[in-house]
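Hi,

Here is the structure I promised to pass on to you. Have a look at it first, and then read on for what turned up.

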Amino acid sequence: MSKHALVIVENGGSNINSVRFALARLGVEATLSDDPDTIARAGRVILPGVGAAGPGMATLQQKELVECIRGLKQPVLGVCLGMQLLFEHSEEGDTPCLGLFPGQVRHFPERPGLSVPHMGWNPIRVCQPDNPLLRGLDGRYFYFVHSYAAPVNAACAATCDYGEPFCASAWKDNFFATQFHPEKSAAAGARLLENFIQL
Amino acid sequence: MLAKRIIPCLDVAEGKVVKGVRFRDHQVMGDIVELARRYAEEGADELVFYDITASPQGRSVDVSWVERVAREIDIPFCVAGGIRDVESARRVLFSGADKVSINTPALENPALITELADAFGTQCVVVGVDSIRTEQGYQVKQYTGDPDKSRFAHKETLAWIKEAQQRGAGEIVLNCMDTDGVKKGYHIEHLQQARAVCQVPLIASGGAGAPEHFREVFEQARVDGALAASVFHSASIRIPELKAWLAETGLPVRWEQAA
């Protein structure tokens, strides 16, 4: 396999094909894999995920991918649950996570007039001006579907407002993440994936 | 601020998009992928595909067109009709759909809502409710895809909306049959009642005929999204113009890409 190949971690998430199709629209044929060696050798890695944190971490443990993902040095992009698993802990199922970003993922508090899940298009506010993943995307709308989110934290790259600001995107070292779904976010999402491919 | 969603609904029969007035007399409107692509490019926020023949005919949704749509379309979409168990939902979601919507199968087997929520997360599980006014208040109907089989489910609409949420529904689409196909506006009063008992996103369906109807339903019933079919298929309302106008009235809408 080419060291530049893009690998999507096969973690059972139902959005895997959506991510694959979005990359294909950009001319990138991604490989699906749950093999630690293949993932470690990839040029770029996407950790997708739809579902709950507990089963999400259990899948990574069962496939012996926890240390593999923690040790990756190439650009990594966590999407939705894939982002939440990069934090230290999730309130969902009281789940210890990968600990690559500081802080805890929490359930949205109940507020009158705000439906949960947070579902739909919401603009992001970029708070890391030099963030290469989010270049050109300040103020753009992205598609969100989630009931849990990380509060604004030291690794926060962009915020989004839903009752209060939360962490819509994070970046630390080679680890990038989006709480929203770039694979379903029209032109803005395609731009973000292109930025990731060009890192 | 979270944008109000504009959602074209594509009723699908035999692999084509169709539309009938009050669920009757279906007319072919065009090819699924072609119409889906047009709406995505025009700035639709989401698409709903109802396989209106699958549920009354007791068969599962054909997933070949789901994957064709997912390959082409870069906005979220929901598939309804013919999803009757975890396995058929899995096929639809893994083909690239973002959500599945269940209506008659949820009425036949309410535990299915929980099974789907446990398997895929509540955010993937939409419960569609066909509601009609009766002398006993608003009642749920089932098998609405086929006028010969359509009948009352013997459930009161608001009680069913509450139950569906308790069982794990992540979104409710309320189709008001009294206003559906008539183009005189959404059923504001019924949607307000539903809003009062609905903590998950609520989508209005049935009755859109003019841009003003969208504003009314967002402002007065505080729904998260508004679904419509024929006004978009016939281009009597164009999504870019609708969104530009809604934005002017001060409603939060995503219309940056609407050219």
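Let me start with a small puzzle: is B:Y143 buried, exposed or partly exposed? Please keep in mind that this is a predicted model. The residue lies in chain B, in the loop that links β8 (137-142) to β9 (151-156). Around B:Y143 there are 18 other C-beta atoms within 10 Å. A buried residue would need 20 or more, and an exposed one would have 12 or fewer, so B:Y143 comes out as partly exposed. As for distances, the C-alpha atoms of B:Y143 and B:P240 are separated by 34 Å, with these positions 97 residues apart along the chain.

Next, the sheet in chain A. Four strands form an open sheet there, in the order β6-β5-β7-β10, and the pairing is mixed. Its edges are β6 (95-96) and β10, each of which pairs on one side only. Going inwards, β5 (residues 89-90) and β7 (residues 104-107) of chain A run parallel and are joined by two bridges. Here A:H89 has A:Q104 of β7(A) as its bridge partner. β7(A) also pairs with β10 (residues 148-149) of chain A, this time in the antiparallel sense and again over two bridges. In that pairing A:R106 is matched with A:A149, and A:H107 with A:Y148.

Now to where the chains meet. Chain A and chain B each bring 30 residues to the contact. On the chain B side, the helices α2 (64-72) and α3 (86-94) each supply at least two of the residues that touch chain A. Sorted by class, that side of chain B has 13 nonpolar, eight polar and nine charged residues.

Last, the interior. In soluble globular proteins, nonpolar side chains tend to be buried together. The largest nonpolar core in this model has 160 residues. Those with the most contacts inside that core are A:L86 from chain A and, from chain B, B:L47, B:V48, B:V100, B:I172, B:A204 and B:A226. If you would like one of them to click on, try B:I172: leaving aside its neighbours within four places in sequence, its contacts include B:V127, B:V129, B:I161 and B:A164. B:C198, B:V200, B:L202 and B:I203 are also in contact with B:I172.

Happy browsing, and best wishes!

How values were computed. Residues numbered from 1 in each chain as written. Chains lettered and ligands numbered in written order. Predicted model: local features only at pLDDT ≥ 70, side-chain atom pairs only at ≥ 80, totals over all residues. Pairing = 2+ DSSP bridges. Contact = placed C-beta atoms within 7 Å. Nonpolar A, V, L, I, M, F, W, Y, C, P; charged D, E, K, R; others polar. Core = buried A, V, L, I, M, F, W, Y, C linked by C-beta atoms within 7 Å.
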